[in-house]
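Grab the model and work through a few short exercises. Try each task by hand or with a script before you read the solution.

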Amino acid sequence: MTDLPTILMAYEDTLKILQENFPEDVYLNASTDLKTTARHENLMVELFQFSYVNLEAFSERFKIKPSLIYLTNELKFSAEGGHDHGFFFIKIPKHLILRLFELIDPNEWVMKLDLDYVKLNLNFLANNFLTLQGMMKESVNKFVFFHEKCHMIHRRKLKDEKGILGLNLDSHDKSKFSIFLHCLELNADQYATYELLDNLVTFYIHKYYKATRDRKGVRLILICVLSSVFVLFTLLFKKRIEKAFYTDQGSHPHPVIRILEVSKTVVSELNNSLPYVFQTFEEIEPFDYKDIFEECLFVTSQITSKEVGFDIKNEFFDILNAKETEINSYLKLMEDYSKTESVLFRRGEF
Ligand SMILES: [Zn+2]
């Protein structure tokens, strides 16, 4: 499924399934085409194409009806992976994707970084010219998709292991703290991070390093990809900034904790598989967690400060310094709880 007419037809088919099987408001909220501003048009099509193909494999594995992926016109930031009217589905508000694109797209923030970013030659990565921003938009798209896909896995496992389909997720009062829901969110971030890393290594690092042997360039690519996810969390942070930092509220972990966990996973995973990442048995110096992490926060603050009205790097370290003990005991609580929860995704399982 690569040519444009086929992709557009698959989207039409998805809309038809929504129209025939779901209540009218679901269909009316769905975006009827993949078009957006000319600037981003291909990325929306690519997001759908990538997700559609990926979900075909998911449906086949579980022997279920085709899982649906569609975009909505809702003016909100929360995507959803669920099960309804006999179908697994992922819906992503166009609004979220477009806000992310609008933040990442301008060149001004790139100019504030050092010259190496500007000079980074990404032509090795794609048939078409790929920009830094294009790579980041593609990456954050995939992260959003994989996070929601993991929630579908959660629902499927709930059904297999506890005989209920999604019930446990929907019946929670979202305004109250729930270890279970926090744990599912961190788990979905973890799954999305593994999948994104897989993509990062296969589509970017292998190709780039093979063509250039440029280790410094690999670091920059990694930072940009990871920063694109930080941009997403910073937008979510903005929504929560009125509230004080918390570890015991609501359905989602605080964005600062999500940033922390995702970056820890990325760096440790890469360092654990350096010979594979660089396709060599030569000695490769491991990535430095602090270096990657701080640079990502710097890049993210260049992209987001004007929009969100605060500097994510400062905010982040203010919280981390003040709440380190609280964060550590929260993470320990989550870790212990996750050992007992059978519906979580486990590494190597999917
Ligand atoms: Zn989630």
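**Exercise 1: overall fold**

Among contacts in the chain between residues at least 6 apart in sequence, 67% join residues at least 24 apart; a contact here is a pair of C-beta atoms, placed from the backbone, within 7 Å. A word on ground rules: this is a predicted model, with local features needing pLDDT of at least 70 and side-chain atom pairs counted only at pLDDT 80 or more, while totals for chains, interfaces and linings use all residues. Residues are numbered from 1 along each chain as its sequence is written.

*Task.* Find the radius of gyration of the chain and hold it against the value for a compact globule.

*Solution.*
- Start with the rule: the radius is taken over C-alpha atoms, and the globule value is 2.2 Å times the number of residues to the power 0.38.
- Put in 350 residues and the rule gives a value near 20 Å; the chain has 20 Å, so the two agree.
- Next, the box: along the principal axes, the C-alpha atoms fill roughly 55 × 50 × 45 Å.
- Then burial: 36% of the 350 residues are buried, where buried is 20 or more other C-beta atoms (placed from the backbone) within 10 Å of a residue's own, exposed is 12 or fewer, and partly exposed is in between.
- Last, secondary structure: the chain has 14 helices and three strands, read as DSSP runs (helices H or I, at least four residues; strands E, at least two) numbered from the N terminus.

**Exercise 2: two domains**

*Task.* Describe how domain 1 and domain 2 are in contact.

*Solution.*
- Domain 1 covers 1-104 and domain 2 covers 106-350, with bounds from an automatic or database domain assignment.
- Their C-alpha centres are 22 Å apart.
- Counting contacts, 22 residues of domain 1 meet 26 residues of domain 2.
- On the domain 1 side, the elements giving two or more residues are helix H3 (41-62), strand E2 (80-84), strand E3 (87-93) and helix H4 (94-104).
- Sorted by class, that side holds 15 nonpolar, five polar and two charged residues. For the sorting, Ala, Val, Leu, Ile, Met, Phe, Trp, Tyr, Cys and Pro are nonpolar, Asp, Glu, Lys and Arg are charged, and the others, Gly among them, are polar.

**Exercise 3: the core**

*Task.* Which residues of the largest nonpolar core touch the most other members?

*Solution.*
- Build the core as a set of buried Ala, Val, Leu, Ile, Met, Phe, Trp, Tyr and Cys residues joined through C-beta atoms within 7 Å.
- The largest one has 81 residues, and Leu100, Ile205 and Ile221 come out on top for touching other members.
- Check where the members come from: domain 1 and domain 2 each supply at least three residues.
- Zoom in on Ile205: skipping residues up to four places away in sequence, Ile205 touches Leu200, Val218, Ile221 and Val277.

**Exercise 4: a bent helix**

*Task.* Where is the kink in helix H13 centred?

*Solution.*
- Get the bend at a residue as the angle between axes fitted to the seven residues ending there and the seven starting there.
- Run along H13 (residues 289-308) and you'll find a kink of about 40° centred on Gln302.
- Look at the buried residues of H13, which include Phe293, Leu297, Ser301 and Ile303.
- Step past the end of H13 and you meet Gly309, with a positive phi near 80°.

**Exercise 5: the loop before H13**

*Task.* Is Phe278 buried, partly exposed or exposed, and how about Gln279?

*Solution.*
- Both sit between helix H12 (274-277) and H13: that loop holds Phe278 and Gln279.
- Phe278 has 19 C-beta neighbours inside 10 Å, so it is partly exposed.
- Gln279 has 12, so Gln279 counts as exposed. Its phi is positive, near 50°, though Gln279 is not a glycine.
- For long-range partners, Phe278 is in contact with Tyr209 and Ile284, leaving aside neighbours within four places in sequence.
- Phe278 and Lys210 are 68 residues apart in sequence, with C-alpha atoms 8.0 Å apart.

**Exercise 6: a helix residue**

*Task.* Which residues is Met334 in contact with, beyond four places in sequence?

*Solution.*
- Locate Met334 in helix H14 (residues 312-340).
- List the contacts: His182, Cys183 and Leu186.
- Compare Phe180, which is 154 residues from Met334 in sequence and 8.8 Å away, C-alpha to C-alpha.

Note on methods:
Contact = placed C-beta atoms within 7 Å.
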